[in-house]
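Here's a quick tour for anyone meeting this structure for the first time. Take a look at the sequence and the model, then read on.

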Amino acid sequence: SEPTSVQRVPARDAFNGRIRVVDIKGGADEGMSNVGKDYEVRGWVRTVRDQKTFAFIEINDGSTLAGLQAVLQADCEGYSCISDKSLSTGAAVLVKGKLVESVGSNQKVELAGTKIEVIGDCPTDYPLQKKRHTMEFLRGIAHLRPRTNMIGAVTRVRNALAYATHTFFQERKFLYVNTPIITASDCEGAGEQFLVTTLDVSGKEAPKETPPP
């Protein structure tokens, strides 16, 4: 039996009631099979559109490129964060509600919210907005750029390629080893510090490299 001091990490569903956006609308039917179910979604606000008596909020948790639209009525619990303009793009929120078929043309399903809670607010100078940003601009905010669709798509492609490559070799009993990196670059004379050669030069003067013709 296991020692009593061993503590196992609980299963995700045991301590976390939320579900990822990709699990709600990421299937082939884009979420239509989940219509009528109650969900708790947590993520970052991409857009907020206040229509006085109701509001549209797009929420993205990083699990998929396309966010989930939540529709909140003015009598929704926590709606004051929208009416007083304290909720802005980039804020972290929790939204509970029922998944319904969307009347809009941009998505098949949306969340009819019954509760919204701001987990973390966001300053008004948050640099990522709905418009498309240039790569030069994103280089200056490296800690935030993974939230953009561009970097998110590139990261997913790299992940798929790395997974396929590792799977191919693992299935053929290869081992993944981190080997020393040897390059031909000689920045600021750093190459003078070490000698890499296949010859036995112990007790002898190291052979000098012949310059190219």
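Two strands count as paired if DSSP finds at least two bridges between them. Helices (H or I, at least four residues) and strands (E, at least two) are DSSP runs, numbered from the N terminus. With that in hand, S1 and S2 run antiparallel and are joined by 6 bridges.

A few ground rules before the details. This is a predicted model, where local features need pLDDT of at least 70 and side-chain atom pairs count only at pLDDT 80 or more, while totals for chains, interfaces and linings use all residues. Residues are numbered from 1 along each chain as its sequence is written, and side-chain values use heavy atoms, with hydrogens and water left out.

**The overall picture**

- The chain holds 5 helices and 5 strands, and starting at the N terminus its elements go α-α-β-β-β-α-β-β-α-α.
- Of the 213 residues in the chain, 27% are buried (buried means under 20% relative accessible area, exposed over 50%, partly exposed in between, with a 1.4 Å probe and protein chains only).
- If you take the contacts (heavy atoms within 4.5 Å) with a separation of 6 or more, 53% of them are between residues 24 or more positions apart.
- About 15700 Å² of the chain is exposed, and carbon and sulfur atoms supply 54% of that; accessible areas come from the Shrake-Rupley method with a 1.4 Å probe, and for residues only the protein chains shown count as cover.

**How the strands pair up**

- In the S1 and S2 pairing, Trp 44 has Asn 60 in S2 as its bridge partner.
- The hairpin of S1 and S2 has 3 residues between the strands, and Lys 52 there takes a positive phi near 75°.
- S2 also pairs with S3, again in the antiparallel sense, over 6 bridges; here Ile 59 has Leu 68 in S3 as its bridge partner.
- S2 is largely enclosed by the rest of the structure, because 5 of its 7 residues are buried.

**Inside the core**

- A nonpolar core is a set of buried Ala, Val, Leu, Ile, Met, Phe, Trp, Tyr and Cys residues joined through side-chain atoms within 4.5 Å.
- The largest one here has 30 residues, and Ile 82, Leu 87 and Ile 116 have the most contacts inside it.
- Helix H2 (21-25), strand S1 (38-50), strand S2 (54-60), strand S3 (68-77), helix H3 (80-83), strand S4 (92-101) and strand S5 (109-120) each give two or more residues to this core.
- S3 gives the most to this core, with 4 residues.
- Setting aside neighbours within four places in sequence, Ile 82 touches Asp 50, Ala 55, Ile 57, Leu 72, Leu 87 and Ile 116.

**A closer look at Leu 111**

- Leu 111 sits in strand S5 and is buried, at a relative accessible area of 0%.
- Beyond its neighbours within four places in sequence, Leu 111 has a list of contacts that includes Tyr 39, Val 41, Leu 68, Val 95 and Leu 99.
- Leu 68 is 43 residues from Leu 111 in sequence, yet their C-alpha atoms are 7.4 Å apart in space.

**Charges that meet**

- A salt bridge is a side-chain nitrogen of Lys or Arg within 4 Å of a carboxyl oxygen of Asp or Glu, and by this rule there are 8 of them.
- One joins Lys 98 and Asp 38, with the closest N and O atoms 3.1 Å apart. Lys 98 is in strand S4 and Asp 38 in strand S1, so this pair ties together parts that are 60 residues apart in sequence.
- Lys 98 is partly exposed, at 37% relative accessible area, whereas Asp 38 counts as exposed at 58%.
- Another links Glu 136 and Arg 139, with the closest N and O atoms 3.9 Å apart. Both residues lie in helix H4 (residues 135-139), 3 residues apart, which is about one turn of the helix, and both are exposed.
- Glu 40, Arg 42 and Lys 96 are joined into one network by salt bridges that share partners.

**On the surface**

- Met 135, Met 150 and Val 154 make a nonpolar surface patch of about 240 Å². Patches are made of residues with over 30% relative accessible area and no salt bridge, where like charges are joined within 9 Å and nonpolar side chains (Val, Leu, Ile, Met, Phe, Trp, Tyr) within 5 Å.
- Met 150 belongs to helix H5 (residues 149-170) and is partly exposed, at 40% relative accessibility.
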